[in-house]
Amino acid sequence: MHDMTEQKVAVVTGASSGIGAATARRLAADGFEVVLTARRAERIEELAKEIGGRAHTLDVTDRAAVDAFAAGVGRVDVLVNNAGGALGAESVEHGDPADWRAMYEVNVLGVLHLTQALLPALRAAGEGTVLIMSSTAALAAYEGGGGYVAAKHAVHSLAQTLRLELVAEPIRVIEIAPGMVRSEGFALTRFRGDQAKADAVYAGVAEPLTSEDIADTVSWAVTRPAHVNIDLLVVRPRAQAANHKVHRVS
């Protein structure tokens, strides 16, 4: 075990399930003290107990709450901006502006809030890392993806801009863009609890990525020597050659 004064601290947003929970487990195994944030208090409290971390109930879209969290969190070496998600799969013509706004709030402004609030702590740590979980939707459009594609393109731009602005400082900006991941809640949230529609996303795909596969890439990226910046890591299952090209077996 590290001496407590030396133990590095990683903050993981959206840590109650899926990629966030898997990442929290993995970083704890890597020796980090993990601070888990999410809106679902019970789930992060259970996971924090399991991995010896700290749980903090937080809605990343609430700036006052984010600032209060930042004021009390203490040391931060790594920020994993994982909270996000998609709502709906309507065409641009038929999309609900409320869904677009909600996706922008969590995927873009959520990342902005946490990053702004924790940059002083990341700076103070000496060698900080901001990791942004985007998506292959950040790099290419697909039908029915309009609002999510727009939000993830925005966060991709945020990451690129931040990296340029922080180049003189010992703070890395890493972006990981997963393709098809069969995570606990992503498709179910997108289709508003419709399990059949959620299952259809993965139908016939022998092996979509798992949340653990993505946690593995987070672990690798943040544990490189401090001078190594993984700008953008695109990770897909072998069966997915592009957003629109997926091998399915019946």
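The accessible surface of the chain in this predicted model comes to about 11900 Å², and carbon and sulfur atoms account for 53% of that area. The chain carries 24 positive and 30 negative charges, and the mean positions of the two sets lie 3 Å apart.

Next comes the overall form. The C-alpha trace spans about 55 × 35 × 30 Å along its principal axes. A compact globule of 250 residues would have a radius of gyration near 18 Å, and because the chain has 17 Å, the two values agree. Of the 250 residues, 48% are buried, where buried means under 20% relative accessible area.

The chain has eight helices and nine strands. To see how distant parts of the sequence meet, take the contacts with a separation of 6 or more: 68% of them are between residues 24 or more positions apart.

One strand serves as a closer example. Strand β6 covers residues 171-178, and eight of its eight residues are buried, so the strand is largely enclosed by the rest of the structure. The side chains can be followed in two sets. Ile-171, Val-173, Glu-175 and Ala-177 point one way from β6. Arg-172, Ile-174, Ile-176 and Pro-178 point the other way, and the residues of both sets are buried. Glu-175 and Arg-172 are thus among the buried residues of β6.

Which strand pairs with β6 over six bridges? Strand β5, residues 128-133, does so, in the parallel sense. Within β6, Ile-176 is the bridge partner of Met-133. Ile-176 is also one of the residues on the side of β6 that includes Arg-172.

Methods
Residues are numbered from 1 along each chain as its sequence is written. This is a predicted model: local features need pLDDT of at least 70, side-chain atom pairs count only at pLDDT 80 or more; totals for chains, interfaces and linings use all residues. Side-chain values use heavy atoms; hydrogens and water are left out. Helices (H or I, at least four residues) and strands (E, at least two) are DSSP runs, numbered from the N terminus. The radius of gyration is taken over C-alpha atoms; the globule rule is 2.2 Å times the number of residues to the power 0.38. Buried means under 20% relative accessible area, exposed over 50%, partly exposed in between (1.4 Å probe, protein chains only). Contact means heavy atoms within 4.5 Å. Accessible areas come from the Shrake-Rupley method with a 1.4 Å probe; for residues, only the protein chains shown count as cover. Lys and Arg count as positive and Asp and Glu as negative; His and the chain ends are not counted. The place of a charge is taken as NZ of Lys, CZ of Arg, CG of Asp or CD of Glu. Two strands pair if DSSP finds at least two bridges between them.
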